[in-house]
Amino acid sequence: MNTIDLIKEKYQQSQSNNGSSLLTSLEQDAFQTFTTVGIPTVKHEEWKYTRISGVFNKEYAFNPESLPGNVTASDLDPVRLPGHAEANELVFINGLYAPSLSTLRSSSLTVLSLEEATKGEFRDTVLQQLGQSSRYIKDGLNALNTAFAAEGVFIHVKKGKIVEHPVYIYQVSDARSANILAQPRTLIHVSENAQVIFAETYATLGLQESFTNQVTEVVVEQAAVVEYYKIQNDTAVCSQVGTTHIRQVGKSLVNTVTVSLNGAVVRNNLNIAMEAEHSESHFYGLYFLKGDTLVDNHTVVDNVKPHCESNELYKGVIDDNGTAIFNGKIFVQKDAQKTNAFQSNKNILLSDNATVNTKPQLEIFADDVKCSHGCTVGQLDEEAFFYLRSRGISEKAAKSLLVHAFAIDILEHIKPEPIRQYVDQLISERLEFNFE
Amino acid sequence: MKSDEIQSENIVVDEGLDILEQTVRNEYKYGFVTDIEADSAPKGLNEDTIRFISAKKEEPEWMLEWRLKAFRQWLKMQEPHWANLKYPAIDYQDIIYYSAPKQKEKPKSLDEIDPELRKTFEKLGISLDEQKRLTGVAVDAVIDSVSIATTFKEQLAEQGIIFCSMSEAIQNHPELVRQYLSSVVPVTDNYFAALNAAVFSDGSFVYIPKGVRCPMELSTYFRINAENTGQFERTLIVADEGSFVSYLEGCTAPMRDENQLHAAVVELVAMDNAEIKYSTVQNWYPGDKEGNGGIYNFVTKRGICKGNHSKISWTQVETGSAITWKYPSVILKGDHSVGEFYSVAVTNNYQQADTGTKMMHLGKNTRSRIVSKGISAGFSQNSYRGLVHVGKNATGARNFSQCDSLLLGDKCGAHTFPYIEVKNKSGVVEHEATTSKIGEDQIFYCNQRGIDTETAVALIVNGFAKEVMAHLPMEFAVEAQKLLAISLEGSVG
């Protein structure tokens, strides 16, 4: 059966199973959008360089009911991030939250299904905040995820609490017997004066393919601090489209780092809406591509209110037949005076078949602002290379030293020590060279 | 507020507002209508209109076929809407596609030219005889699409240079026209290029033979005249091996309430070691301060560096038009070829500009440089949209792009859409952009030294645009600076 037809069938099923709930109208609207807009093609400006339709030509098991499948705790061991013994671990199997495999260590953290959350004290927050990403992303994939939103998860961080253990999120697809289409949906609410660190990673078990269409919405309240790290190092046949939509509704600080190392087609939409004065956000990205991997980073910073500051730096190394796409947009709305927004994208091409398409974009409607963007595409510095070679350092070592140095700019923004070391190690493995 | 009072006070903000108002009140200086009996095609567009134009111009059969082919393609195409522009739908059937000033015979000398026309040029400050005598610029003046007078033609002919109107070229040099026409901008390239191919009325044709350095700046002044006349110019410049030409295009148009459509096509071909420098000062009617009227300018300009070591350089100063949709591009096909783009785009009131360039690196060791300066004031929107493409075989390609925006006022917008595509690992591409306003500290610094705010703003804006202005030929630099002053003087917010 055609994947699109399957999706439609599953939608009807899920609607009749769940009956009507508070989220039904949101889902129905989204499904309506999906059927009219469809899967984005390369004619869509936002998808000009990324052909995602191929992913839908395969057959997928798309079966939210059979959960958590046959995944056991020991299956997860290779997936776990370092320091997990001291972390809250949230496990999603095939896009659905698996409480039995998850561990919650912090009392300031609440995890509920969205369906459940609409019934209790978080009712208003959920109804108000869920689906805000659709305001920015009007493509079929975001709508497709929203059509099944009720199966998602609500994560709440209590007011005034610092979550002492980082929150590790594992997105696991069990593709041991069939291709998997997973649609994780998360709404994270970080209350006033709260602080929390998230680290998310992706893994596919087995040799079949997986496609993950994820939407994460994060609402950051007054004086909250959020760090969000994403590490994408899945198998080379797995694709994902991940949307992270962050709303800074109070004066707050957000740091994100996205590291993309492997996959078939990896698309990251990162939207930051700065809706409160004096908000600050820093977002960094590192992509290091080999094989036929395509990584597409689309970021949007929407400065709605004055006195905000944002800093963006994405760096990439592209080898083999890899393709990197970067599209960064900075919007400065009419009232957002005194905005400082900076954006930079730097790329190194290592092979003849590597491609990079970059588009740093500014749209400015206010006059008292400081905005800049820049991008470069080039090679490793020949002089630096010669310097190292002339001191007897092998070609491979010199190359990996320089690439490593290029990546350090991003790595140093990963604050938790174990995560930073883990990413550093992944890069060393990729370079097939260890300095120790 | 009088100017002496301005000097005595140092309240920057108040003065700024006052000066802004003055600027906004600046009426379009070149708005007037010359009364010439026009010989027009009936309104609307169909195959008959095209046959009418072709017959009127006594074109050969192949030309008519070419036009009809373009028209049939155009019918299948859709008007593009990807640009960052908002305008009411254009009714293509409500346009007169051909209008020529009536003249009984072709003039043999300047004296025989219709005095009304002569006056028009005088008002624009480009009196033909004066130019002929003093500046040494050969002017191919175009009023409503038909070339009226071409000066210095004989002098150029001695060196084998062909500089004439496109219709003459079709009659006298069909082999050259057939060879190069639509070789850079195919008729089906885009909606407006196809429309132009179908209905173009006239334009300029330049051919520089091998090894010839054109002794003077070639120049065409365009002018849109009769009411409801879309202007569809087509220019073709071919620089053969080792030649050099500098071509100037300057435009002013009379004031008009209805929107006028302008869809021009410019094609440049540079062979081995040839260089073409193409400069534009565009000051068409931008509409009044409420945003009514003004010219819709949808232009396709493209050059090809066909030979090795060839060079094409575009310089533009865009201050006019209600809508500007224009992307002068260079296809760097020959090895070691060079493409350059220097642009100043000024928008005020409700003007909208979406302009930029495309640099297609195909040959080896090709270089390109883009410098774009956008200045927006009033309620205007100014966008830079550019593409730098480094193809798979373009080893050693190098690009540097810089696009800066200056915002004068808090109701305007500045946008940047740079597309960068690199498919070769030896390519080095850099892009940088900034957006800022004129700093109060800068104004204060000038005020302190006895420079009034108005002059200070002119100074800063001129300094901002200087990098581009420096690339304009002498004759144009003066006019361009005046235009900048008229459009923006003192618009500090």
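Trainee: Hi! Helix H10 of chain B, residues 191–199, is where I'd like to start: why is H10(B) largely enclosed by the rest of the structure?
Mentor: Good place to begin! 8 of the 9 residues of H10(B) are buried, so the helix is largely enclosed by the rest of the structure. Buried here has a cut-off: 20 or more other C-beta atoms lie within 10 Å of the residue's own, while exposed is 12 or fewer and partly exposed is in between, with C-beta atoms placed from the backbone. Keep in mind that this is a predicted model, in which local features need pLDDT of at least 70 and side-chain atom pairs count only at pLDDT 80 or more, while totals for chains, interfaces and linings use all residues. Residues are numbered from 1 along each chain as its sequence is written, and chains are lettered from A and ligands numbered from 1 in the order in which they are written.

Trainee: Which residues of H10(B) are buried?
Mentor: They are B:Phe192, B:Ala193, B:Ala194, B:Leu195, B:Asn196, B:Ala197, B:Ala198 and B:Val199.

Trainee: And what do the buried residues of H10(B) pack against?
Mentor: Two helices of chain B, H3 (47–56) and H4 (61–76), and three strands, E8 (234–239), E11 (265–270) and E13 (295–305). Helices (H or I, at least four residues) and strands (E, at least two) are DSSP runs, numbered from the N terminus.

Trainee: Let's follow E13(B), then. How many of the residues of E13(B) are buried?
Mentor: 11 of the 11, so E13(B) too is largely enclosed by the rest of the structure. Both faces are covered. One side has B:Ile295, B:Asn297, B:Val299, B:Lys301, B:Gly303 and B:Cys305, and the other has B:Tyr296, B:Phe298, B:Thr300, B:Arg302 and B:Ile304.

Trainee: Which strand joins E13(B) through 3 bridges?
Mentor: That's E10(B), residues 260–262, running parallel to E13(B). In that pairing B:Gln260 stands opposite B:Ile295. Pairing means that DSSP finds at least two bridges between two strands. E11(B) also pairs with E13(B) in the parallel sense, over 6 bridges, and there B:Val265 stands opposite B:Thr300.

Trainee: What about E15(B) and E13(B): parallel or antiparallel?
Mentor: Parallel, with 4 bridges between E13(B) and E15(B), residues 323–326. B:Tyr296 faces B:Ile323 there. E16(B), residues 329–332, is joined to E13(B) by 4 bridges and runs parallel as well, with B:Val330 as the bridge partner of B:Gly303.

Trainee: Zooming out, how many helices and strands does chain B have?
Mentor: Chain B has 13 helices and 24 strands. Of its 493 residues, 56% count as buried.

Trainee: I clicked on B:Thr280 as well. Buried or exposed?
Mentor: B:Thr280 is buried, with 24 other C-beta atoms within 10 Å. This threonine is found in strand E12 of chain B, residues 275–283. Beyond its neighbours within four places in sequence, B:Thr280 is in contact with B:Glu249, B:Gln316 and B:Val317. Contact means that the C-beta atoms of two residues, placed from the backbone, lie within 7 Å.

Trainee: Changing topic: how many residues of chain B are in contact with chain A?
Mentor: 29 residues of chain B are in contact with 31 residues of chain A. On the chain B side, the elements that give two or more residues are strand E23 (413–422) and strand E24 (428–437). By class, that side of chain B has 11 nonpolar, 11 polar and 7 charged residues. Ala, Val, Leu, Ile, Met, Phe, Trp, Tyr, Cys and Pro count as nonpolar, Asp, Glu, Lys and Arg as charged, and the others, Gly among them, as polar.

Trainee: Which strand of chain A is joined to E24(B)?
Mentor: E20(A), residues 370–378, joined to E24(B) by 7 bridges and running antiparallel. A:Cys375 stands opposite B:His431 there.

Trainee: Last one. A:Asn94 caught my eye; what is its phi?
Mentor: It is near 50°, a positive value in a residue other than glycine. A:Asn94 is found in the loop between strands E1 (88–93) and E2 (96–97) of chain A, and counts as buried with 26 C-beta neighbours inside 10 Å. A:His278 also has a positive phi, near 60°. That histidine lies in the loop between strands E13 (265–274) and E14 (280–289) of chain A, and is partly exposed, with 16 other C-beta atoms within 10 Å.
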